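Could you walk me through this structure, one selection at a time? I have it open in a viewer and would like to know what to pick next and what I will find there.

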Amino acid sequence: MAKQQISLYIDDSSISVLASKGREPQKWATVALDRGLIKEGVVQDQQAVAAKIKELWGSSHILRRRVTVGISGLNCLYQMLLLPELPEHLRTEAIAREAAHSLGIPLEGVYLSWQVLSVEHGQMKVYLCVVPKDKVDSVMATLKVAGLRPVTMDIKPLCLARVSNEPRAIIVDTCQESMDIIVLGEGIPEVVRSLQVAPEMSQGERIAVLRSELERSVSFYNAAHLDKPVDLTVPILVSGDLVEQDSDKASLAGPRERPVRDMESPLTGLEGFAPAKYATCIGLALKDVLVTEPGAVAYSVVNFNALPEIYQVRKRPLSEVLWVPTVLVGVVLIGMGTWGILFLKSENSDLQDRRDNINAAIVEQQLSTADLTALEKQAVDAEAPVTDLDSLLVSVDDSRKAIKADLDIVYDYASECGVSLETVNTDATGGIKISGSAATEDAVLRYYGRLLYDSGEFSTVMIGKISVIEDGASFSMELSG
């Protein structure tokens, strides 16, 4: 069953939230912002904006604190890069270098997000998005003040492209202080324009600017795609405030009558829910739906997490996760060894006293040879437990070393494979049961292979279960041998 997802969009004039399960909207609300609290996506007053977010949470009765957050596309850049095919560990640095060269901007003041769209004939096609650091940092600081925990981030134009029910479309969205234009070609938002709207502009002036930028964006796309331009069959999909302005919306068709229609919502219709006002939140909600829903079709293939790595939920190191069970095992083993030593010392002391008493009795009573032999036999019998207890202590120490060696392998391989262990238990036969999670199912299988084939310590490694969870995959395994 789908989990509830909270989609939160923040721009200069308002904050919107949508709670949904799968494709079913459950709760939604919008709160207006006073002018100047946010400028071009950068939060100017974190306390005031955080108070508005808390007000929104209270009025909509939303309890969940994990959110997928969307930010405006103002001052963001988008670029398609072609690079030689590279292994994953080299891609981040190579893409950063190419971005700096291609865009001609210093990278110190921006965050890069990217997705490899395809790898063909030794080349990678990479979709790159560049977001100003001050915008992201101010939003993240504000969400922290509001008590929210963002796990995923996206940019408004990319969210709008994800809502499209056409692989080729021109998407137009307008709100109080900005407008966005996206030319979606073969599922890729190739031309993206996000414009700030001056407050003093009249509605007629706003529409004139929108029409001019619309034609410019289409011309730019067609100049780069002479083989398959955006012709008059490609529709204009409208969302935002413009949906309710029929005459202005119709004027976008132009003299050649390009089809214009409202953006259709992929979510279930619900009374009172106005999809046009929550198009960005719907695009945020679809980030998870299109990945987890069997048979889901996405007309935009771009779907990456724009949340910078420094803000992503940090996987707890194994040293933090496992220090408690490790310490407990060590305390138990040390306690067993200490008990064995004290017990043996006590037994040795008793045996020495008994031997001294026997020798004293021999001297005093001048026992016969037969009696002496009998007494010596009793002494030997009395010393037998010492040997047994000494063997027990050696066995305990060997068992401790074997368990430690197996646990070292379990922990080390988990760290190397990017696996987080939650429980590690041993049984009387030396078997080990573990459970944990990883970012992908492949990481779990890689961990399994290393334990079974590389360690040389376990004759049998059985996977009890692998389950897809919100942040990746959970699993359990049993190791023996």
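Start by selecting Gln115 and Tyr127: Tyr127, in strand S9, is the bridge partner of Gln115. This is a predicted model. Now widen the selection to strand S8 (residues 110-120) and strand S9 (residues 123-132), which pair in the antiparallel sense over 10 bridges. Two residues lie between the strands of this hairpin, and His121 takes a positive phi near 55 degrees there.

Stay with S9 (residues 123-132) and pick Cys129. Is Cys129 buried or exposed? With a relative accessible area of 0%, Cys129 is buried. Its closest cysteine sulfur belongs to Cys76, and at 5.3 Å the two are too far apart for a bond. You can stop looking for such bonds elsewhere too, since a search of the whole structure finds zero disulfides.

**Next stop: a helix on the inside**

Select helix H4 (residues 156-163). How many of the residues of H4 are buried? Eight of the eight are, so the helix is largely enclosed by the rest of the structure. Among them are Pro157, Leu158, Cys159 and Leu160.

Now zoom in on Lys156, which has a relative accessibility of 3% and therefore counts as buried. Add Asp173 to the view: Asp173 and Lys156 form a salt bridge, with their closest N and O atoms 2.8 Å apart. Asp173 lies in strand S11 (residues 169-174) and Lys156 in helix H4, so the pair ties together parts that are 17 residues apart in sequence. Asp173 also counts as buried, because its relative accessibility is 4%.

Keep Lys156 selected and add Asp180. The side chains of Asp180 and Lys156 meet in a salt bridge as well, at 3.3 Å from N to O. This pair links distant parts of the chain, with Asp180 in strand S12 (residues 178-185) and Lys156 in helix H4, 24 residues apart. Asp180 is buried, just as Lys156 is.

Before leaving this helix, pick Arg162, another of the buried residues of H4. Which residues share a network of salt bridges with Arg162? They are Asp154 and Lys287. In total, the structure holds 16 salt bridges. As background, side chains of opposite charge can pair when their charged atoms come close.

**On to a sheet**

Select strands S16, S17, S19 and S18, in that order: they form an open sheet of four strands with antiparallel pairing. Strand S16 (419-426) and strand S18 (460-469) stand at the edges with a single partner strand each, so one side of each is left without a neighbour in the sheet. From one strand to the next, the twist averages 15 degrees.

Follow S18 to its partner, strand S19 (residues 472-480): nine bridges join these antiparallel strands. To see one position in this pairing, select Ile466, whose bridge partner in S19 is Phe475.

**From the sheet to a helix**

Hold on to Phe475 and add Tyr447. What kind of aromatic pair do the rings of Tyr447 and Phe475 make? Their centres are 6.1 Å apart and their planes stand at 70 degrees, so the pair is edge-to-face. Tyr447 lies in helix H11 (residues 441-454) and Phe475 in strand S19, so the contact ties together parts that are 28 residues apart in sequence. Both Tyr447 and Phe475 are buried.

The structure holds three aromatic pairs. For another look at rings, jump to Trp28, Phe273 and Tyr278, which ring pairs link into a cluster.

**Last stop: Arg450**

Return to helix H11 and select Arg450. Its charged end sits over the ring of Tyr413, 4.2 Å from the ring centre. Now add Glu416, whose side chain meets that of Arg450 in a salt bridge (2.1 Å, N to O). Arg450 lies in helix H11 and Glu416 in helix H10 (residues 369-417), so this pair ties together parts that are 34 residues apart in sequence.

Switch on the surface to compare the partners. Arg450 has 23% relative accessibility, so it counts as partly exposed, while Glu416 is exposed, with a relative accessible area of 52%. Finish the tour with Cys417, which is buried, with a relative accessible area of 5%.

Definitions and conventions: Residues numbered from 1 in each chain as written. Predicted model: local features only at pLDDT ≥ 70, side-chain atom pairs only at ≥ 80, totals over all residues. Heavy atoms only, no water. Pairing = 2+ DSSP bridges. Axes fitted to C-alpha atoms, helices over the stretch in contact; angles between N-to-C directions. Phe/Tyr/Trp six-rings, centres within 6.5 Å; stacked < 30°, edge-to-face > 60°. Buried < 20%, exposed > 50% of the residue type's maximum accessible area, 1.4 Å probe, protein only. Lys NZ or Arg CZ within 6 Å of the ring centre and 35° of its normal. Salt bridge = Lys/Arg side-chain N within 4 Å of Asp/Glu carboxyl O. Disulfide = S-S within 2.5 Å.
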